[in-house]
Amino acid sequence: MVKVRRETIMGLTVDVLEFDRGVETVEAASRESGEPMGRIVKTLLLKANDEYLVAIVRGDKVINFDRLSKALGKPVMMAKVREVRQVLGVDVGAVTPLNSKVLSLRVIMDHQYWRMTTYYAVVGLGTH
């Protein structure tokens with residue numbers, strides 16, 4: 001069962017979907033919400049040398065690190081679990097694009113997001 005409540009977060013009005021079961025993965029969020037994985041986004045902390053940046057990635061896509069590294073001119077990798085907590089103040093799985101610490105970093109998104117009118121961010125805080 002999915003409960004929906006409307007909230008204002010960082011000036012945006014959003015619908016928060018609350019699930020009876022945990023949704024720590026895109027697959028679980030898709031299954032529980034009934035939305036396709038392509039309408040769900042993952043918010044990932046990356047590290048490029050000494051710079052942290054955020055990638056907002058469609059749930060049905062993966063990051064091509066070789067291509068991204070070439071585009072940025074430096075090696076890019078996933079941040080370590082401890083770095084996510086240290087930099088963003090939340091645990092892995094609880095990272096959301098609507099977080100002031102996320103928005104203080106350089107954000108990389110696929111240009112196709114601008115065509116989407118609705119998308120869902122996975123935040124694995126148990127049932128939210």
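Reader: Which residues does V14 touch, not counting residues up to four places away in sequence?

Author: V14 touches R5, R6, E7, I9 and L98. This is a predicted model. V14 itself is found in strand β2, residues 12-19.

Reader: How far is V14 from V4 in sequence and in space?

Author: The two are 10 residues apart in sequence, and their C-alpha atoms are 9.9 Å apart.

Reader: Is V14 buried or exposed, and why?

Author: Buried means under 20% relative accessible area. V14 counts as buried because its relative accessibility is 18%.

Reader: What is the general idea behind looking for nonpolar cores?

Author: In soluble globular proteins, nonpolar side chains tend to be buried together. In this model, the largest nonpolar core has 13 residues, of which L45, V54, V84, L88, V95 and L105 touch the most other members. At least two residues of this core come from each of β3 (40-48), β4 (51-58) and α3 (81-88). The largest share, 3 residues, is supplied by β4.

Reader: What lies apart from that core?

Author: Another core, of 8 residues, lies apart from it; L53, A55, V57 and L68 are among its members.

Reader: Which residues form a nonpolar patch on the surface?

Author: The patch is formed by M10, L103 and V107, which together have about 250 Å² of accessible area.

Reader: Where is L103, and how is its exposure classed?

Author: L103 sits in helix α4, residues 100-103. The partly exposed class lies between under 20% and over 50% relative accessible area. L103 is placed there because its relative accessibility is 47%.

Definitions and conventions:
Residues are numbered from 1 along each chain as its sequence is written. This is a predicted model: local features need pLDDT of at least 70, side-chain atom pairs count only at pLDDT 80 or more; totals for chains, interfaces and linings use all residues. Side-chain values use heavy atoms; hydrogens and water are left out. Patches are made of residues with over 30% relative accessible area and no salt bridge: like charges are joined within 9 Å, nonpolar side chains (Val, Leu, Ile, Met, Phe, Trp, Tyr) within 5 Å. Accessible areas come from the Shrake-Rupley method with a 1.4 Å probe; for residues, only the protein chains shown count as cover. A salt bridge is a side-chain nitrogen of Lys or Arg within 4 Å of a carboxyl oxygen of Asp or Glu. Helices (H or I, at least four residues) and strands (E, at least two) are DSSP runs, numbered from the N terminus. Buried means under 20% relative accessible area, exposed over 50%, partly exposed in between (1.4 Å probe, protein chains only). A nonpolar core is a set of buried Ala, Val, Leu, Ile, Met, Phe, Trp, Tyr and Cys residues joined through side-chain atoms within 4.5 Å. Contact means heavy atoms within 4.5 Å.
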